[in-house]
Structure formats: C-alpha cells, structure tokens
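I opened this model to look for empty space inside it and for the way its parts meet. My notes follow in the order I took them.

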Amino acid sequence: MKTLWQHCHVATMANGAYSIIEDAAIVTSGTLIEWIGPRTQLPSGEYPAVNDLQGAWVTPGLIDCHTHTVFGGNRSGEFEKRLQGVSYAEIAAQGGGIASTVRATREATEDELFASAAKRLKSLMRDGVTTVEMKSGYGLDLANERKLLRVIRRLAEELPISVRSTCLAAHALPPEYKDRADDYIDLVCEQMLPALAAEGLVDAVDAFCEYLAFSPEQVERVFVAAQQLGLPVKLHAEQLSSLHGSSLAARYKALSADHLEFMDEADAIAMAAADTVAVLLPGAFYFLRETQLPPMDALRRHKVKIAIASDLNPGTSPALSLRLMLNMACTCFRMTPEEALAGATIHAAQALGMAQTHGSLEVGKVADFVAWDIERPADLAYWLGGDLHKRVVRHGVESNL
C-alpha cells in the first residue's frame with residue numbers, strides 16, 4: 001500500500017551531507033521509498049494512507065554499527081572500584097574484567113541473555129535506532145559463541161529492528177587457552193567459524209588486534225578463514241597501541257576498522273584506497289578517560305568515511321543512547337553535527353555493507369526514517385540525553401516503541 005508522509009523537512013543524508021529538502025513529502029510503497037522531494041512536486045494520484053508530520057525534521061533511521069549488546073552479568077561494581085583507585089590489572093587479577101563477563105555469559109541461558117539484551121536494545125530503539133550490529137565474543141568456545149549468535153538472530157526475529165550479526169570469537173583469550181593464543185586461533189579458524197557460518201548465524205567476522213588480544217599475524221589467519229567462507233571482515237584496531245591493524249583490515253577490503261585512536265596517516269591512506277569505513281567509538285574514549293584522539297585531520301584529508309557507534313558493552317562503553325554518542329563525537333573528536341549524523345546513518349550503513357539499501361532517504365531504499373520534533377538537524381547532536389519526541393518508521397510502518 002502506498003503511504004504519503006508530508007508536512008516535514010528532510011535531511012536525506014545522501015552523499016554524506018544533510019542534503020536538505022524543505023517542505024518535503026515522502027511516498028512509501030510497502031517497505032520501500034517510492035518518491036521523495038518538495039511537496040509542491042508531489043506526483044498526483046491516490047494515496048490510501050496520509051500522515052501529517054506536522055513540520056517535523058525527518059532523517060534516516062539511526063544505525064548503530066558496532067555493539068556488544070548480548071552479554072551476561074554486570075560490571076558496574078568494577079566501575080566503582082576503578083573510581084576508588086583499584087587498577088584494571090588488579091581487578092583482572094581478582095577475576096574481573098572481560099573474564100568476568102565471559103564467566104557470566106557462559107553461565108546464562110539463552111532466555112536470560114535474550115531478556116537482558118532485549119532491554120538494552122529497546123533503549124537504542126527508543127533513541128531512533130532502526131538498524132543495529134551485534135557481536136558475539138563473550139562465549140569464546142563453540143557452544144557459547146553459538147548461544148550468543150542464536151540470541152542475536154532471535155532478537156532480529158522478535159523485535160522490529162534490522163540486525164547484522166558479527167562473530168567476534170577472536171575477541172580475547174579464554175581462560176582454558178591461557179598462554180596458547182595460536183592454538184585458540186586454530187580453534188576459531190578450523191572449527192568455530194566454519195560451524196557457525198554453516199548454521200547461518202554469521203553476517204561478518206571481527207577480531208581484536210591489540211597487544212592484550214591478538215597479533216596482526218593471528219588476525220590475518222582469521223581473515224583468511226573468513227574469506228574462504230565468503231564472509232566480510234571488520235576489525236577492532238589501534239585502540240590502545242599502533243599495530244597497523246587498520247592497514248591489515250584495508251588489505252582484506254574490510255567493511256570497517258573500529259576505534260583507531262592510535263592509527264597513523266599511512267593507515268588512513270590504506271583505508272581510503274580500500275574504501276574501509278573508520279568507525280569511531282566516543283563512548284569508550286570517554287568512559288576510559290583516554291587522551292589519544294583519532295587522527296581526524298588525516299581521516300578527513302584522505303576522505304575516509306567516518307561512522308559513529310555506541311560500542312555498547314559492559315566494560316568500556318555501557319552506552320544506551322546512540323544520539324548521546326553524536327554529541328560525544330562532536331565534543332570529544334571535534335566532528336561537526338553534520339559529520340556525526342552522517343556517521344550514524346549513511347556511513348554506518350556502509351560499515352555494515354548495507355549502503356545500497358539503508359542509511360539515506362532515496363528512491364528505492366528501505367523506508368526507515370525518524371520524524372523528530374526538533375528545530376534543525378544539529379539538535380540531534382546538541383541535546384544531552386532525554387527522550388526527544390519522535391515518530392519512528394521502519395520498513396514503511398510506524399513503530400509503537
């Protein structure tokens with residue numbers, strides 16, 4: 001059924017810019033955008049359903065392209081300890097850190113993981129997010145990585161949101177493989193990835209390239225295995241040190257390289273040549289009180305597309321608002337509101353391999369959009385928190401969330 005949405009202003013985000021249409025109208029047909037433009041140019045015809053958006057600003061639905069939404073347990077106690085002066089190393093020695101999340105995740109049932117993740121996901125959805133990527137990586141063995149990925153698929157089935165599922169088995173070294181990182185990578189490449197891909201649970205493969213995780217050589221083995229399975233790759237890179245993981249990601253035509261505080265100009269050049277998206281995660285930068293900024297000038301100079309994501313996770317970015325991340329990107333990384341919004345729409349779509357169908361309001365794309373009661377698009381990065389009044393449309397249907 002054709003539906004007309006009118007009396008609005010639109011920031012289409014085509015080509016990574018606001019690309020504003022004043023006094024606009026949108027015609028949707030089923031799940032797709034059939035027409036968009038100035039209301040004065042609206043094609044004549046019958047529209048069985050007409051929606052008055054009452055002067056709202058319409059943007060594409062927000063896309064959170066890097067999250068770890070599904071996990072067991074809670075690490076707020078560790079947050080409190082760190083603020084009281086206990087070091088991360090001391091907390092880890094006491095069984096905390098990622099090991100505590102792995103332990104809690106392994107102990108949780110699928111239903112328990114689904115229930116807790118659904119609450120977090122609904123917070124993102126209420127913030128205007130219509131598409132999200134979720135990673136595994138807290139199971140670290142075949143049975144528990146499968147459990148996480150099954151929960152991700154179930155969330156996609158039961159909630160009105162588009163979901164991409166990423167296998168991050170190469171996230172950290174599980175306790176049973178202490179001092180045997182190469183053996184664990186063998187397990188990931190030879191058993192875990194083939195089995196999980198065969199079960200249809202994986203849309204992309206990620207890894208953590210860092211001195212406290214896996215080396216570039218080990219990550220490359222994961223990339224080769226993913227490539228053999230026909231799966232795209234992405235990478236946590238240059239968060240804490242410079243190992244040139246982002247250049248490695250570019251060599252494998254990765255969808256994205258994420259974090260990137262310690263990347264250099266050569267990495268930016270490599271990413272630009274490969275059209276690999278730079279996903280910046282200001283929530284983790286803020287939460288960890290980092291001081292090393294991503295090389296924004298180099299990214300802009302070489303025209304690397306920049307996405308923004310929440311990095312929702314229990315240890316370093318317990319962020320439940322992608323819109324708050326837009327503000328952090330502007331205040332911490334000196335991005336403009338226009339750059340930040342592009343980072344949570346069209347560039348985020350590219351970071352998920354979805355730019356042909358999502359991320360901007362154009363004819364033929366999926367009808368995912370948000371009608372915001374705001375004065376201008378910059379308001380989305382301006383207001384700190386709160387629930388901005390909005391109407392959310394996903395696949396051409398207005399959501400009641």
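**Cavities**

I began with the second largest cavity, and its volume came out at about 40 Å³. The model is a predicted one. I listed the residues around this cavity: Pro60, Gly61, Thr130, Thr357, His358, Gly359, Ser360, Leu361, Val366 and Asp368. Sorted by class, this lining holds six polar residues, three nonpolar and one charged.

How many cavities of 30 Å³ or more are there? I count two.

I then turned to the largest cavity, which holds about 70 Å³ of space. Its lining is made of Met125, Arg126, Val129, Thr130, Pro160, Val392, Ser399 and Leu401. Helix H4 (110–126) and strand E6 (129–135) are the elements that give two or more residues to this lining. Here the classes split into five nonpolar, two polar and one charged. I noted that Thr130 is in the lining of the largest cavity and also in that of the second largest.

**Pockets**

Next I looked at the open spaces. The largest pocket has a volume of about 1,200 Å³. Its lining counts 38 residues. Which of them lie nearest its centre? I find Arg75, Tyr88, Gly97, Ile98 and Leu212 there. I also checked which helices contribute: H1 (76–83), H2 (88–93), H3 (98–107) and H10 (282–287) each supply at least two lining residues. By class, I get 20 nonpolar, eleven polar and seven charged residues in this lining.

The second largest pocket comes to about 210 Å³. It is lined by 15 residues, and those closest to its centre are Asn74, Arg75, Asn313, Pro314 and Pro318. Arg75 is thus on my list for the centre of the largest pocket and on the one for the second largest. Helix H1 gives the largest share of the second pocket's lining, with four residues. The class count for this lining is seven nonpolar, four polar and four charged.

**Domains**

I took the bounds from the domain assignment. Domain 1 covers 2–60 + 361–399, and domain 2 covers 62–352. Their C-alpha centres are 30 Å apart. How many residues are in contact across the boundary? I read 25 from domain 1 and 21 from domain 2.

The size of an interface is often stated as the accessible area lost when the parts come together. For this pair, about 1,900 Å² is buried, and carbon and sulfur atoms give 60% of that. On the domain 1 side, Met13, Ala381 and Arg394 lose the most area to domain 2. Together they make up 28% of what that side buries.

**Sheet**

Last, I traced an open sheet of seven strands. Its order is E3-E2-E1-E4-E13-E14-E15, and the pairing is mixed. Why do E3 (32–38) and E15 (397–398) each have one side without a neighbour in the sheet? They stand at the edges with a single partner strand each, so one side is left without a neighbour.

I followed one pair residue by residue. Strand E1 (residues 2–11) runs antiparallel to strand E2 (residues 20–29), and eight bridges join them. Within this pair, I see Cys8 opposite Ala24 in E2.

Conventions
Residues numbered from 1 in each chain as written. Predicted model: local features only at pLDDT ≥ 70, side-chain atom pairs only at ≥ 80, totals over all residues. Heavy atoms only, no water. 1 Å grid on protein atoms, 1.4 Å probe; cavity = no way out; pocket = protein on both sides within 12 Å on 5 of 7 lines; lining within 4 Å. Points joined across faces, edges and corners; volume = space filled by probe spheres on them. Nonpolar A, V, L, I, M, F, W, Y, C, P; charged D, E, K, R; others polar. Pairing = 2+ DSSP bridges. Domains from an automatic or database assignment. Contact = heavy atoms within 4.5 Å. Buried area = accessible area lost by both parts, 1.4 Å probe.
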